[in-house]
Amino acid sequence: MLKSSFTPIFSTFPAKPLSPKPLPNAIFSCFTHTAPTVCQNASPNTPTTILPPPTSAYIHLPFCRKRCHYCDFTIVALGSSSNQTEDDPRMINYVQLLCREINAMKAENKANPPLETVFFGGGTPSLVPPKLVSSILDTLRLKFGLSSDSEISMEMDPGTFDAKKMKDMMELGVNRVSLGVQAFQEELLKACGRAHGLREVYEAIEIVGSCGVENWSMDLISSLPHQTPEMWEESLRLTVEACPTHVSVYDLQVEQGTKFGLLYIPGEFPLPSETRSSEFYRMASRTLSDAGYNHYEISSYCKSGYHCKHNLTYWKNKPFYAFGLGSASYVDGVRFSRPKRMKEYMGYVENLENGLVDSCESNRSAQDMATDVLMLSLRTSRGLDLKSFGEEYGSSLVLALCKAYKPYVESGHVVFLDEQRRAMAADELNALLVNEDKIERSPAYIRLSDPDGFLLSNELISLAFAVVAP
Amino acid sequence: MGFLRRASKTLKLSKYLPLLQANSKFSPISSLSRRNPLYSEFSYGHFGLSHAFCSHSRKNSKDSDIDLSQYPTERIRNFSIIAHVDHGKSTLADRLLELTGTIKRGHGQPQYLDKLQVERERGITVKAQTATMFYKHNFHGADNNGDHEEPSFLLNLIDTPGHVDFSYEVSRSLAACQGALLVVDAAQGVQAQTVANFYLAFESNLTIIPVINKIDQPTADPDRVKAQLKSMFDLDASDALLTSAKTGQGLEQVLPAVIERIPPPPGKSNSPLRMLLLDSYYDEYKGVICHVAVVDGMLGKGDKVLSAATGQAYEILDVGVMHPELTPTGVLHTGQVGYVVTGMRSTKEARIGDTLYHNRTIVEPLPGFKPAKHMVFSGLYPADGCDFEELNHAIERLTCNDASVSVIKESSTALGMGFRCGFLGLLHMDVFHQRLEQEHGAHVISTIPTVPYIFEYSDGSKVEVQNPATLPSNPKQRVAACWEPTVLATIIIPSEYVGAVITLCSERRGQQLEYSFIDSQRAFMKYQLPLREIVVDFYNELKSLTSGYASFDYEDAEYQQSDMVKLDILLNGQPVDAMATIVHNLKAQRVGRALVEKLKKHIDSRQMFEITIQAAIGSKVIARETISAMRKNVLAKCYGGDISRKKKLLEKQKEGKKRMKRVGSVDIPQEAFHELLKSS
């Protein structure tokens, strides 16, 4: 990894063996010019196409007051005493390092398109002083350019910002807020080890509203310990009342190494049973849909036109930059995660500056890339685009997928859609699968149903994995 | 040593022999190894000592220094060692091989004749082996040329399997013997297999030399064993040799006793060749190697022979003795035991008990030949579904060495392509499985073993059922009658366990035939039991009921009429063919209930659809369980575009699916099949 220098992004162009052809949307970044041999081996009709450089950047700001009990992300806990974060040297040094990473990134081609989305994730990015955020955005602007209508999102936690800070951030260009409310019950917030209480939640909603943040997301967690259906219903109701443009509902994952991991066993009290937990998911889907939200991804809901553009790059398997501790990027067909320890990350940035980091050949098989497409696209309501998938990986694979999913169409877990996105009946598929010829309406998309298919998405996606990579 | 030699030169009459034995107790055993047979035989030949066919055989035996012509039948003894498991048969064999210098003490692995890993691990013999030994002993019965040397005897130890699964093989091996050492553990006394083996030897008219072994143990009680031998077998207790193969105590009496008590082989050297085929194995380099005993006549390299069982003709490419490994001699004379290489392509051609005879001669085949009879059947399937070819290859190679297994391809909706294999018995099946895994690295799922039933329908037609799945669940014709195979079981237990064992046997539909006491502490019982009832876990159950003290053995008995029914296990209404079983009507309910519960336990409850599990006889459901559908399996967050962890999880889940066997709409984890089939 840390050996030779970056491969110049477009240096291999003339040597490309096959002529470029238009890339289907959903998987358009699957193949890269840096790995032509992989492409050749991978599939008979391998397209080699000019891969547009990323127009999205994820920025990891790892600082938190304290670690929440469910959290296993890469964070740096500052300690609750340090309310005064303005001059915290840890943040200043980190942001400097992060900017060095951005600058050291080799982007030879000056014709890179400007960034369309920037996402400040964490950690708790709202803890970071606006002037530091400003320096990051300046660095990005200088390096890649920043589109005038770019989406700049920031995760913000109640109790970490006031109206002034909010306004400062907005002035810097932050135009989308992801508000980490998680729950509307004091006892649940406490049980999660959140650094804020219910009062701060209402204050934060108030600030976001009063500052005129038009596009904001309410982030909730379901299936918390001791959470009752009444509590969840209340949280959903209060969410709808707060009128965010976007809602994220995360089902609690009990991770090893977290406090919850030590205390609880999934499915056992005080965690809700599997049945109850699935009921929470259904409640969210029903309540939010009724309130006019579009369930566009397993855990994401939005009012019309308010998709999180940044997250869409993930689901569409598009490339994105990432900067900062432990962050994961997808550039030149390579998925790469940065070191999760500060010291190692520092060494990484130094090596990067000294040209010692190899962008490393992706060497990814077609199977590997196809499974990426499957797992990402099937998380969305748009689903898998069969036409482009077939063009990339062969129509026989599409047929095999259809065959594998047919029983789940009958059971209502999977929906086949035609070109006009009208659902197809199971017996229509029979004709397709039996004759393997043209039928009147061919399925154009496969999606998981909401909520039944989404709820069992791991089962269904791994089933598709088995078709692609037996 | 000198003392012994002097003594043996002077004392030639058999009535003095007890004295000789007594004396020889004091001679160090190790010095016997000086009598290197190769060396001494060479000198015999070299000095042209008066023997009729000396020159002839010298010519034929240029491959080695062994001149078999020196051994007319009166100086040959063919014997075997029979014993219950762990009574010291293999160790005694090792000691005898060392004593005669056939193997060097401390060289070669222990249990020399047990060549298979499975034999060593289990302390059992599953394939016959022979070992030729040379031993000098002064005995009046031998012709002593007037020389001052003690005459050399050719001793053939024919190592036979002990278990009744191989009773046919044992009987053929014993047919080549005139005597047997009946080894009994001095502490454990007579056990079930001792009884079975005694009767096999007795029926073969063998001279039996009781050897009470392990007398060095603190709990040894030779007198009690002597009393048991007397009461059970009517053996003269004063004849018994007392030995410890471990310490060497008493071993020096063994071979003299073999020579003096066991008669020489009765064959006629001037008759046409009749050669008994004892067993065979496959050698990568030489091909099929047959262990044989020349009953009449003589065999030489290059001879053309015919098989009485198959009519096939073979040329003798190599012939020799096992001393202890293949030692070419170019010839085998009447009464001698050794090996032949004939260019047979597969051990399937080498029928145990077959008679081989010279081309263009007419002989009466030796009595007792029977084709292998398969009593236990089980399906063998590749554990990983896809590697059928690998398993096929492994089975082919193993059957090269174990021709007694019958193999037919079959396919199961639950387990895919596989094989239905017929075995001589339970141990044979176990050994086959173990060898498949150990010697050929095959991973297999084996279905619950079943026995061959005979069903008769109302129209008078009969079918033999080797696989319960093939029996129609709803036959067009009414079943008029059903027969199942039974066994005669011998059970020997400490008397305090009698009650528990009687309960067990009656639960297993057994019929008590005999109940007596061997001595004050041990009971002896004979039961007729349906074979079906003992194929799965009878022996384990018996062992655990009796704290491991029970000994158990059985022999095949006749078929008996029974009220048997086919029990189907259904998943969402689809029969799981691998789990179909044939049970007694009265037990169907209980067995069905247990199977359904077990299946519920082993099926991963995380399935996308509700699953009903049923046990049914025909269309009548007798037990039912339901597994509710999985509610949720979703990873909500894919944080910061980092998909690697989620992908790993999905990959893992996919791998899990690969290990599933699909039955109708239900995925059964591979492990569940393993567990279910292992323990039901």
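**Exercise 1. In what order do the four strands of the open sheet in chain B stand, and what is the sense of their pairing?**

Solution. This is a predicted model, so take the steps below as a reading of that prediction.

Step 1: Lay out the strands. The order is β18-β19-β17-β20 in chain B, and the pairing is antiparallel.

Step 2: Look at the edges. β18 (406-412) and β20 (444-446) of chain B each have a single partner strand, so one side of each lacks a neighbour in the sheet.

Step 3: Add the twist, which averages 30° from one strand to the next.

Step 4: Zoom in on one pair. Three bridges link β17(B), residues 376-382, to β20(B) in the antiparallel sense. Here Leu380(B) is found opposite Ser446(B) of β20(B).

Step 5: Place the helix. α11(B), residues 388-401, lies across β17, β18, β19 (416-423) and β20 of chain B, and runs at about 135° to β17(B).

**Exercise 2. Describe the hairpin of β24(B) and β25(B).**

Solution. Start with the strands: β24(B) covers residues 511-517 and β25(B) residues 522-530; they run antiparallel and are joined by six bridges. Next, find a matched pair: Glu514(B) has Lys526(B) in β25(B) as its bridge partner. Finally, turn to the connection, where four residues lie between the two strands.

**Exercise 3. Work out how β12(A) and β13(A) are arranged, and which way the residues of β12(A) point.**

Solution. First, the pairing: β12(A) and β13(A) are antiparallel, with four bridges between them. One bridge partner to look for is Arg335(A) in β13(A), which goes with Tyr330(A).

Second, the turn. Two residues separate the strands of this hairpin, and Asp332(A) has a positive phi near 55°.

Third, the side chains. Ala328(A) and Tyr330(A) point one way from β12(A), while Ser329(A) and Val331(A) point the other way. Are these residues buried or exposed? All of them are buried.

**Exercise 4. How many residues does each chain bring to the contact between A and B, and which element of chain A gives the most?**

Solution. Begin with the totals: chain A brings 39 residues and chain B brings 26 residues. Then list the contributors on the chain A side. Elements that each supply at least two residues include β1 (56-61), β8 (246-251), α9 (274-290) and α12 (366-377). The hairpin strands of Exercise 3, β12(A) and β13(A), are also among them. The top contributor is α17(A), with eight residues. To finish, sort this side by class: 20 residues are nonpolar, 15 polar and four charged.

Key. Residues numbered from 1 in each chain as written. Chains lettered and ligands numbered in written order. Predicted model: local features only at pLDDT ≥ 70, side-chain atom pairs only at ≥ 80, totals over all residues. Contact = placed C-beta atoms within 7 Å. Nonpolar A, V, L, I, M, F, W, Y, C, P; charged D, E, K, R; others polar. Pairing = 2+ DSSP bridges. Axes fitted to C-alpha atoms, helices over the stretch in contact; angles between N-to-C directions. Buried ≥ 20, exposed ≤ 12 C-beta atoms within 10 Å, placed from the backbone.
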